[in-house]
Amino acid sequence: MSDAVLTLINLGLLAALYLFFGGVLWSGFRQLRRAPVAATVAPAKPKASISPKNAKGKVTIIEPPALAGSVMSIGDEFSIGRAAGCNLTLDDTFVSQHHASIVWRDRKFVVADAGSTNGTFVNDQRLTKTVSLRPGDRVRIGSTVLEFS
């Protein structure tokens with residue numbers, strides 16, 4: 001074989017190697033990006049925990065943009081997580097099965113983390129204990145931001 005043919009074969013193999021490593025890097029980059037989030041509201045339970053007559057407060061989804069503006073009434077207890085039994089079900093890998101809850105206690109709403117891996121944040125402060133909510137407070141769970149009112 002001539003030197004020109006060997007050089008072309010070497011360049012072809014080098015290009016294939018670069019394409020392979022580029023594909024590996026691109027795949028890794030895509031894996032690191034946050035997963036898309038979807039949310040559903042569970043149907044009211046027989047005790048009507050989120051029915052309008054028991055509602056004392058509400059949360060509005062601020063982020064992600066696809067769900068922004070959705071409003072949910074809060075009764076005596078409002079659970080948030082990936083599990084189907086939660087009042088607000090979030091399809092997000094950064095959310096635990098039973099991630100957090102907002103509970104009516106002592107004439108005020110409090111938010112409590114349920115031992116989640118990635119934490120619950122109120123106004124960008126990670127919860128270490130139960131915290132009282134005031135109108136306008138923002139609760140972040142995974143990539144979902146809720147505004148309490």
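**Helix, strands and core: a quick chat**

Modeller: Let's start with Tyr18, bearing in mind that this is a predicted model. Its relative accessible area is 61%, and the cut-off for exposed is over 50%, so Tyr18 counts as exposed.

Colleague: Which element is Tyr18 found in, and what kind of surface patch does it help make?

Modeller: Tyr18 sits in helix H1, residues 3–32. Together with Leu8, Leu11, Leu14, Leu17, Phe20, Phe21 and Val24, Tyr18 makes a patch of about 860 Å². The kind of patch is nonpolar.

Colleague: How many strands does the chain have, and where does the helix come in the order?

Modeller: Reading from the N terminus, the order opens with α and then runs on through β elements. That puts the helix at the N-terminal start of the order, and the count of strands is 12.

Colleague: How many residues are in the largest nonpolar core, and which strands give two or more residues to it?

Modeller: Val59, Phe78, Ile80, Ile102 and Leu133 have the most contacts inside this core, which has 21 residues. The strands giving two or more are E2, E3, E4, E5, E6, E7, E11 and E12.

Colleague: Which residues is Leu133 in contact with, leaving aside its neighbours within four places in sequence?

Modeller: Leu133 is one of the core residues with the most contacts inside the core. Its partners beyond those neighbours include Ile102, another on that list. The full set is Ile102, Phe109, Val110, Val111, Val122, Val139 and Phe148.

Colleague: What share of the 149 residues counts as buried?

Modeller: Buried here means under 20% relative accessible area. By that cut-off, the share for the chain is 36%.

Notes:
Residues are numbered from 1 along each chain as its sequence is written. This is a predicted model: local features need pLDDT of at least 70, side-chain atom pairs count only at pLDDT 80 or more; totals for chains, interfaces and linings use all residues. Side-chain values use heavy atoms; hydrogens and water are left out. Helices (H or I, at least four residues) and strands (E, at least two) are DSSP runs, numbered from the N terminus. Buried means under 20% relative accessible area, exposed over 50%, partly exposed in between (1.4 Å probe, protein chains only). Patches are made of residues with over 30% relative accessible area and no salt bridge: like charges are joined within 9 Å, nonpolar side chains (Val, Leu, Ile, Met, Phe, Trp, Tyr) within 5 Å. Accessible areas come from the Shrake-Rupley method with a 1.4 Å probe; for residues, only the protein chains shown count as cover. A salt bridge is a side-chain nitrogen of Lys or Arg within 4 Å of a carboxyl oxygen of Asp or Glu. A nonpolar core is a set of buried Ala, Val, Leu, Ile, Met, Phe, Trp, Tyr and Cys residues joined through side-chain atoms within 4.5 Å. Contact means heavy atoms within 4.5 Å.
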